[in-house]
Amino acid sequence: MTESEVPVPSPEGANDTHSEEPQVAILFIGVSLFLGVICRQVFKGTRVPYTVALLILGTGLGAMEYGTSRGLGTLGASIRMWSHINPDLILFVFLPALLFESSFAMELHQIKRCINQMLLLAAPGVLISTFCLALVHRYLFPYGWNWSTCLLLGGLLSATDPVAVVALLKELGASKKLSTIVEGESLMNDGTAIVVFKLFLQMVLGQHFTAGDIVQFFSQVALGAVALGLAFGLVTVLWIGRVFNDVIVEITLTLTASYLAFFVAEMEAHVSGVLTVMTVGMFFAAFARTAFTGESQQSMRHFWEMVSYIANTLIFILSGVVIAESILRSRDNVQGQDWGYLVLLYVALQLSRVVQVGQEESEDYTLITKRTEAQFVFFTGGVVFLTLIINGTTTQFLLKVLGMDHTPETKALVLEYVRHEMYSKALESFGELGEDEDLGPAEWSTVCKYVSCLQQHPDTRALTHPHDASVSGEESRNLILQDTRMRFLNGVQAAYWDMLDEGRITRTSATLLMQSVDECLDLVARHEPMNDWKGLQQHVHFPQYLKWSSQSMLPQRLLSFFTVVRLELGCYIAAAFLRAHRQARHQLREFIGESEVADAVIKESENEEVEARRFLEDVRLLFPQVLRVIKTKQVTYAVLTRLSAYVKTLEEAGLVEEKETNHLHDMIQVDLKILQRKPPPVKMQSAHEVLINQPFFGALPGHVQQVLLNAAKECMMFRESLLFREDSKADGVWLVANGSVKWTRTKSTGRQLLHPTFPHGSTLGLYECLTGRPRLCTIAADSVAHCFFIDSAKLMAVSASEPGLEDFFWQESALVVAKIVLPQQFEAITMQELRALIAEGSNLCTYIRGETIELEIGRIGILLEGFIKQEGKDDVIGAPAGLLTKTEVIPTSKGFSGSRTASIIPQSIFYHVEARSRVLFIDLHSCQSTPFTSLSPLIPKQSMGESAGLMRFGSKYQSSRKSSGGPSKSGDVHGDHSASYSAKAMELSLFGSQVTVSKKGWRGGYVRSFLNLHQPRSQSYPTVVKRAVGKQFSSAYALKSPARRNGTVPRKVHSHGNLVLEPPPQEWPKSLVRTRSGTSCESDGDEEHIVEIESPSKLFASNQTTW
């Protein structure tokens, strides 16, 4: 209802006086509301809108009061008091509430969707309608009005008021778009029509306007109103954001904003109050709808529905009274032909509007003649009456003719399916509730009489699954798919509302999530695939300024604040999106069951989740503290909410008194308020704190860290960003602090790896800086990666500043080299596990030209520097390369069962050094001392066959010994230091810089054993258990026999850089001594024994693999 519907009394009416007391005015309110209740109850569900009935009743009351000599007594006195109220007061009392309720009830998405049509109808539409009606008044009416008067009446009648039409559209289930266009256009139309009316009124009063003056007038009145409305809306929304769980304050603020905005606009700013309040309401609809959740949302909706209902009831009855009074009082000035012109004016008005429905009201202006004033009132009241009576009652018929009230076949099938499910649920409920222990059974026939869904037993054979209609054709399938997508998205949106009530998401994220669903519904309506993630992508990503955050002139604290805000919003959205889709898929499957259409919709939903999961994973790698704080807030809110529900349960059970309940409730509310006002902060680490957690950097001495920290360049690498290319010049080292990177190599051979990545904590390019070689591979970010770049010159300068630092650099570089040169062997091993393996059981050796290297069984070598040649081959192996042992399958004789068996015999390999070389040996037996199960495939398995242990014992026995001295061995002092660096890097890799080594548990024992190493793992393999020969088995025999059997001539070899001539006598464990028949023997008899030890690894593990 707009100010156009408020009738204005004639000048004579303004002078009427009444002897009744002012409190009599209350009677009109009570009677009007009573009549409104009757009309609403009687005409509900019929084609007659209750507002039409109110207008007719008001006209009847006015006719009985003003058209009869006796009148209506006290009620008539009350009616006269209301009809003679100042018209401006009526506008200021009723109009703000009606305008705010209509605009606040509109959906932002529908406003954005229909804004073009609304503006087109509200601005050009009003002007076109005004001029069309002015032409009718000028050339068809015989009153001789000038153009100003014709335009004034045209502007007065151009406004629309679809109260009855919109209510009927909602009741009939018409599309939201149609309802939004009609109602939104009406709101804008009212504001435009009032501005036009004021402009032409001043023209009628004798003021002249140029084109520039008209433009200035429109700009000042219209644009000023929008600006003022935005200011009021912004202040009020911010204020409501500071209110916590106080529904009364929230409702009062909305009511205050609407009335104050209208008053300031009309009386102080001299702009359109209608446009101002409409802007305030739409601002609330856009930015404050999620501020009201749970009970506050219901209370807010019910309050404004009640305000709108009361205002409409009073104003429509009052309009009918005033229309009747105006017609009866103007009988002398209204002639019979005016009734015909009224009908003509109504038809012209409909033609000028095309699809618009509405009216405006007149005002009392003394410069217009009495007859013209009476004709204005007559035409305005008549148009209002005809519009409500004809348009309001024929809307349903028009919708039916246009087919807009038809239920689609897909929805009818779903409805029938739901009815069948209701029948099943009713039977199930009766089975659970039909008999009571105290009262006995219920009467089934009577229950069926009152439950309509039980009165007709559905024929399950004739029942059609709502998705089975897809077999009828592609068009039917598309319609069913569209309907299923819409139902799925409605479920997603409902899940968002639930999460908002539960405190899982913020108001801002909830608004964005719901808008994305609305936009996706538009796409689905055009038969496009479901893609509600599209509207969220712009909010769920890392801010681009992170790339230049280290070079930015802005304070780091300010950048960190904006980064946290952006990441928190993205995490809320991504987590809620995943949860809502997961719930909607479950509900769809529970509701509709198995079907091809449901599977297609669920597949679309699952495909949308990829980017959301990827974003959360990137945040978990890069800023895990953000996710931790979000989850902490969610859990805290959930705990307090459950406590509140618990207190309420105690109150309902009568176990807690009201005073005690209020005290406990207030205590919980205070905690919730503190959580909202002062949530747990996200602590962003500085560059130094981040680097300290990087294993390579954190293991360095403090003064070296300080030097490199000043030289480190902080970089935030987004997904697919390139760190360096293969074969490019190595100018520095990249430290991956958080995130992960992927590597590719054009020179690689063998099968393609599934996950060629390096995780956080990796040190990239260190090997190339140590050797001066070009880059081994191409490195690009696989996620958002937080990296630091250190120049190679600065790094090489500090490598010689500390003992053992260079060896530590070589060991650290071997981590990446091992992954690149032996990808298949180390693919399943994480960087942490590989670091543990190298730190626990590696030996870094340097060889000179002419020496021979034996790669023993159960060990892997990484050639880091130099050139070697395998014995018996001419190919030269250059660094970097992986060195593996080989295996040989030897058939054996038939066993007792007659079947032939075979033995897989691992063999050592000899290499000749062609140039100074550096090799890192990895002892696979050390895998047994680590807690990582994924390292178990590296452990050599025991060879099969009875004679597997009779091979090359002598040479292996020699290589297992570590002799002292040797020119090519790494120094002990340097080895001690490099081992301590490796131990620290290992600790950082596993537990971070804040690890507390406990005395219990595998972590504490593992780290303690790591920190208490007596021998540096970079120099030798783990100590080999001494083995002894039996009393009748000499060491010479143990060396000769295997050598003769294998045709191998004993020689001098370097085992890991040590010259070995002859092993000393040792004792053999009894468990490893076997007789000739292969049976175990624990006696100390004189029987000769054959020792079947293939390698020292059998002393440590029985379930092992061989490279």
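The exercises below, each with a worked solution, concern a predicted model.

**Exercise 1. The first open sheet**

Find the strand order of the sheet that contains strands 3, 10, 5 and 8, and state which strands stand at its edges.

Solution.
- Step 1. The four strands form an open sheet in the order 3-10-5-8, and their pairing is antiparallel.
- Step 2. Strand 3 (713-717) and strand 8 (763-764) each have a single partner strand, so these two are the edges, and one side of each is left without a neighbour in the sheet.
- Step 3. For one pairing in detail, take strand 5 (residues 732-738), which pairs with strand 8 over two bridges in the antiparallel sense. Here leucine 735 stands opposite threonine 763 of strand 8.
- Background: strands of a sheet pair through backbone hydrogen bonds, in a parallel or an antiparallel way.

**Exercise 2. The sheet with strands 4, 9, 6 and 7**

Work out the order of this sheet and name its edge strands.

Solution.
- Step 1. The order is 4-9-6-7; this is an open sheet of four strands with antiparallel pairing.
- Step 2. Strand 4 (722-724) and strand 7 (757-758) each pair on one side only, and they are the edge strands.
- Step 3. Strand 4 is joined to strand 9 by two bridges, in the antiparallel sense. Leucine 722 has alanine 780 of strand 9 opposite.

**Exercise 3. Helix 12**

Compare the length of helix 12 with the expected length, and list its buried residues.

Solution.
- Step 1. Helix 12 (residues 247-268) has 22 residues.
- Step 2. From the first C-alpha to the last, helix 12 reaches 30 Å, which is close to the 32 Å expected at 1.5 Å a residue.
- Step 3. The buried residues of helix 12 are Glu250, Ile251, Leu253, Thr254, Ala257, Ser258, Ala261, Phe262, Ala265 and Glu266.
- Step 4. An α-helix has 3.6 residues a turn, so residues three or four places apart point the same way.
- Step 5. Just after helix 12 comes histidine 270, with a positive phi of about 55°.

**Exercise 4. Two packed helices**

Decide how helix 4 is oriented relative to helix 14, and describe their contact.

Solution.
- Step 1. Helix 4 (residues 74-83) packs on helix 14 (residues 295-329) at an angle of about 90°, and the axes are 10 Å apart.
- Step 2. Angles of 65 to 115 degrees count as roughly perpendicular, so helix 4 is roughly perpendicular to helix 14.
- Step 3. Helix 4 contributes Ile79, Arg80, Trp82 and Ser83, which meet Leu318, Val321, Val322, Glu325 and Arg329 of helix 14.
- Step 4. Sorted by class, this contact has five nonpolar, one polar and three charged residues.

**Exercise 5. Leucine 776 and proline 880**

Locate leucine 776, decide whether it is buried or exposed, and follow its contacts to proline 880.

Solution.
- Step 1. Leucine 776 is in the loop between helix 28 (766-771) and strand 9 (778-781).
- Step 2. The relative accessible area of leucine 776 is 9%. Buried means under 20%, so leucine 776 is buried.
- Step 3. Beyond its neighbours within four places in sequence, leucine 776 has contacts that include Val817, Ile820 and Pro880. Valine 817 is 41 residues away along the chain, yet the two C-alpha atoms are separated by 8.6 Å.
- Step 4. Proline 880 lies in the loop between strand 15 (876-878) and strand 16 (881-883). A cis peptide bond, with omega about -5°, joins alanine 879 to proline 880.

Note on methods:
Residues numbered from 1 in each chain as written. Predicted model: local features only at pLDDT ≥ 70, side-chain atom pairs only at ≥ 80, totals over all residues. Heavy atoms only, no water. Pairing = 2+ DSSP bridges. Expected span 1.5 Å × (residues − 1). Buried < 20%, exposed > 50% of the residue type's maximum accessible area, 1.4 Å probe, protein only. Contact = heavy atoms within 4.5 Å. Axes fitted to C-alpha atoms, helices over the stretch in contact; angles between N-to-C directions. Parallel < 35°, antiparallel > 145°, perpendicular 65-115°, else oblique. Nonpolar A, V, L, I, M, F, W, Y, C, P; charged D, E, K, R; others polar.
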